[in-house]
Structures are given as structure tokens and as C-alpha cells.
Amino acid sequence: MISLIAGNLLASLSDVAVKLLDGSIPSFQYVFIRQLIAIIALAPIYLHLNRSATLSEHLANSRINIIRGQLILVGAACMVVAITHLPLATANAVFYAAPLLMLPLSMWILKEAQKQPK
């Protein structure tokens, strides 16, 4: 719970920082710095993980992870552009609507069904 609250606080601070920059630096430069900070912050956790997976398991998952990484990068760039040009309240309202959009999309694209309570 503390990690979730801290993550939301840092995301809000990041949104405010983008708004304060007001387009004075290129969007991709901000995204690069943000991703670099995330790598530095997550590197100790990654290095501490148990690496019991085999090379074949890593290679099997690498294609989907590369696609996923590219989508995250494009999404981060779109977020920076949106926050720069939209009022902060409007941009955050759109971002927090994402879980509401994810549910119908998971049912449609992934064919996930709602579990019935017993």
C-alpha cells in the first residue's frame, strides 16, 4: 500500500514538473531522463532478483517484452505532449479513465470473461 501511494505521489510530481517545463525542453528529452531515472531506481531490485529462469525462457519472452517496452515509450511521450498542451486536471482525468477502458478492451481483445461468484 505504501508503494502504491508513493508511486502515485511521484507520478503527480512528474506531471507537475512537465507542466512547469511548459514545452521549454523537447518531449523526448524529458521522456529519456524519466526512463533513465526509472532504470537507475529499479536496477538494485533487478540485480537482487533470483535468476532461475533459463536462457530459452528469457528469449521466448523477449519479443513481447520489446513490444511492450516500445508501447510504454510511446505512451510516455504521448503523456508528456498531452500534459504540456492540456490543463493538468483534464489530462489526469483522461489518465485515470484508463482502467475503465482496460476492462472492456480485455474482454474484447483478450477474450477474458468475468468470473462468477460462487
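The paragraphs below lead through the fold, the core, three buried residues, the pocket and the last helix of this predicted model.

The protein contains five helices and zero strands, and from the N terminus on its elements run α-α-α-α-α. Of the 118 residues of the protein, 12% count as buried. If we look at contacts between residues at least 6 apart in sequence, we find that 72% of them join residues at least 24 apart.

A good place to begin is the interior. The largest nonpolar core is made of nine residues, namely Val 18, Tyr 30, Val 31, Ala 76, Ala 77, Met 79, Val 80, Ile 83 and Ala 91. Helices α2 and α3 each supply at least two residues of this core, and α3 gives the most, with five residues. As a general background to such a grouping, nonpolar side chains in soluble globular proteins tend to be buried together. Ala 76, one of the core residues, touches Val 31, Arg 34 and Gln 35 when residues up to four places away in sequence are not counted.

Another member of the core is Ile 83, which lies in helix α3. Ile 83 counts as buried because its relative accessibility is 0%, and the cut-off for being buried is under 20%. Leaving out residues up to four places away in sequence, Ile 83 touches Asp 15, Val 18, Lys 19, Leu 88, Ala 91 and Phe 95. The C-alpha atoms of Ile 83 and Val 16 are separated by 8.7 Å, although these two residues are 67 residues apart along the chain.

Thr 84 is also found in helix α3, and it is buried because its relative accessible area is 17%. With neighbours within four places in sequence left aside, Thr 84 is in contact with Val 18, Lys 19, Asp 22 and Gly 23. Val 16 can serve as a reference point here too, since Thr 84 and Val 16 are 68 residues apart in sequence and 9.8 Å apart in space, C-alpha to C-alpha.

The third residue to consider is Ser 14, which is found in helix α1. Ser 14 counts as buried because its relative accessibility is 13%. Apart from its neighbours within four places in sequence, Ser 14 is in contact with Tyr 30 and Arg 34.

Ser 14 also leads us to the largest pocket, where Gly 7, Ala 11, Ser 14, Arg 34 and Ala 38 are the lining residues that lie nearest the centre. This pocket has a volume of about 920 Å³, and 22 residues line it. Helices α1 (2–21), α2 (27–48), α3 (55–85) and α4 (88–96) each supply at least two residues of the lining, and α2 gives the most, with eight residues. By type, the residues of the lining divide into 13 nonpolar, six polar and three charged.

The walk ends at helix α5, which covers residues 98–109 and has 12 residues. From its first C-alpha to its last, α5 reaches 15 Å, which is close to the 16 Å expected at 1.5 Å a residue. Helix α5 is hardly covered, for the count of buried residues among its 12 residues is one. After α5 comes Lys 111, whose phi is positive, near 60 degrees.

Notes:
Residues numbered from 1 in each chain as written. Predicted model: local features only at pLDDT ≥ 70, side-chain atom pairs only at ≥ 80, totals over all residues. Heavy atoms only, no water. 1 Å grid on protein atoms, 1.4 Å probe; cavity = no way out; pocket = protein on both sides within 12 Å on 5 of 7 lines; lining within 4 Å. Points joined across faces, edges and corners; volume = space filled by probe spheres on them. Helix = DSSP H or I, 4+ residues; strand = E, 2+ residues; numbered from the N terminus. Nonpolar A, V, L, I, M, F, W, Y, C, P; charged D, E, K, R; others polar. Expected span 1.5 Å × (residues − 1). Buried < 20%, exposed > 50% of the residue type's maximum accessible area, 1.4 Å probe, protein only. Core = buried A, V, L, I, M, F, W, Y, C linked by side-chain atoms within 4.5 Å. Contact = heavy atoms within 4.5 Å.
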